[in-house]
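Please open the structure in a viewer and keep the sequence beside it. This tour proposes one selection after another and describes what is found at each.

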Amino acid sequence: MSAAGLDHREIAEKLNRSPRHVERVIGWSQIPRSRPPTKRSPRAVERRVLDLRAEGESHDEIATRFKRSPRSIRQIEGLAHFRLALELLEREENRQ
């Protein structure tokens, strides 16, 4: 929003934050990174959920194993698929 020309006060109003907060975040975003961003590949629990789903286990069965709710398992599965999709997109961009 700042790059589009909005004043810090306008941005703060849109985000329900103070103008000082917006200035700090903009300042932080301009700090150079010391290393490349971390990989977005699925984490261990996400990989395990994907494996169990591929084996045919239900969300309820997996939830019992991990002592979580079925809704949580669905969210973990969705995040894992999202991370895999991002990884595929990044690979495709690197080929070009």
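A residue is called buried when its relative accessible area is under 20%, exposed when it is over 50%, and partly exposed in between. With these cut-offs in mind, select Arg74, which is placed in helix H5. Arg74 counts as partly exposed because its relative accessibility is 44%. Now add Asp60 to the selection: the two residues are 14 apart in sequence, and their C-alpha atoms are 9.6 Å apart in space.

**Confidence of the model**

Please note that this model is predicted. Colour the chain by pLDDT: the average is 89, and 94% of the residues score at least 70. Confidence is highest in H4, with a mean of 96, and lowest in H5, with a mean of 89. Where pLDDT is low, the predicted coordinates should not be read in detail.

**Salt bridges**

How many salt bridges does the structure hold? There are 4, and three stops follow. Side chains of opposite charge can pair when their charged atoms come close.

Select Glu77 and Arg53, whose closest N and O atoms are 3.3 Å apart in a salt bridge. Glu77 belongs to helix H5 and Arg53 to helix H3 (residues 44–54), so this pair ties together parts that are 24 residues apart in sequence. Is Glu77 buried or exposed? Glu77 is buried, as its relative accessible area is 13%, whereas Arg53 is partly exposed at 29%.

Next, select Arg65 and Glu57. Their side chains meet in a salt bridge with an N to O distance of 2.7 Å. Arg65 has 47% relative accessibility and therefore counts as partly exposed, while Glu57, at 15%, counts as buried.

For the third stop, select Arg91 and Glu87, which form a salt bridge with the closest N and O atoms 2.6 Å apart. Both residues lie in helix H5; because they are 4 residues apart there, about one helical turn separates them. Arg91 is partly exposed, with a relative accessible area of 44%.

**Surface patches**

Switch to a surface display and select Asp7, Glu10, Glu13 and Glu23, which form a negative surface patch. Glu13, one of these residues, lies in helix H1 (residues 8–15). The relative accessible area of Glu13 is 66%, so this residue is exposed.

Which residues make the nonpolar surface patch of about 310 Å²? Select Val25, Trp28 and Ile31 to display it. Trp28 is found in helix H2, and it counts as exposed because its relative accessibility is 52%.

**Two loop residues with positive phi**

Return to a backbone display and select Asn16, in the loop between H1 and helix H2 (19–29). Its phi is near 60°, a positive value in a residue other than glycine. Asn16 is exposed, since its relative accessible area is 69%.

Finally, select Lys67, in the loop between helix H4 (59–66) and helix H5 (70–95). Lys67 also has a positive phi, near 55°, and is likewise a residue other than glycine. Is Lys67 buried or exposed? With 77% relative accessibility, Lys67 counts as exposed.

Key:
Residues numbered from 1 in each chain as written. Predicted model: local features only at pLDDT ≥ 70, side-chain atom pairs only at ≥ 80, totals over all residues. Heavy atoms only, no water. Patch = residues over 30% accessible without salt bridge, like charges linked within 9 Å, V, L, I, M, F, W, Y side chains within 5 Å. Areas by Shrake-Rupley, 256 points an atom, 1.4 Å probe, with all protein chains shown as cover. Lys, Arg positive; Asp, Glu negative; His and termini not counted. Charge placed at Lys NZ, Arg CZ, Asp CG, Glu CD. Buried < 20%, exposed > 50% of the residue type's maximum accessible area, 1.4 Å probe, protein only. pLDDT = per-residue confidence, 0-100.
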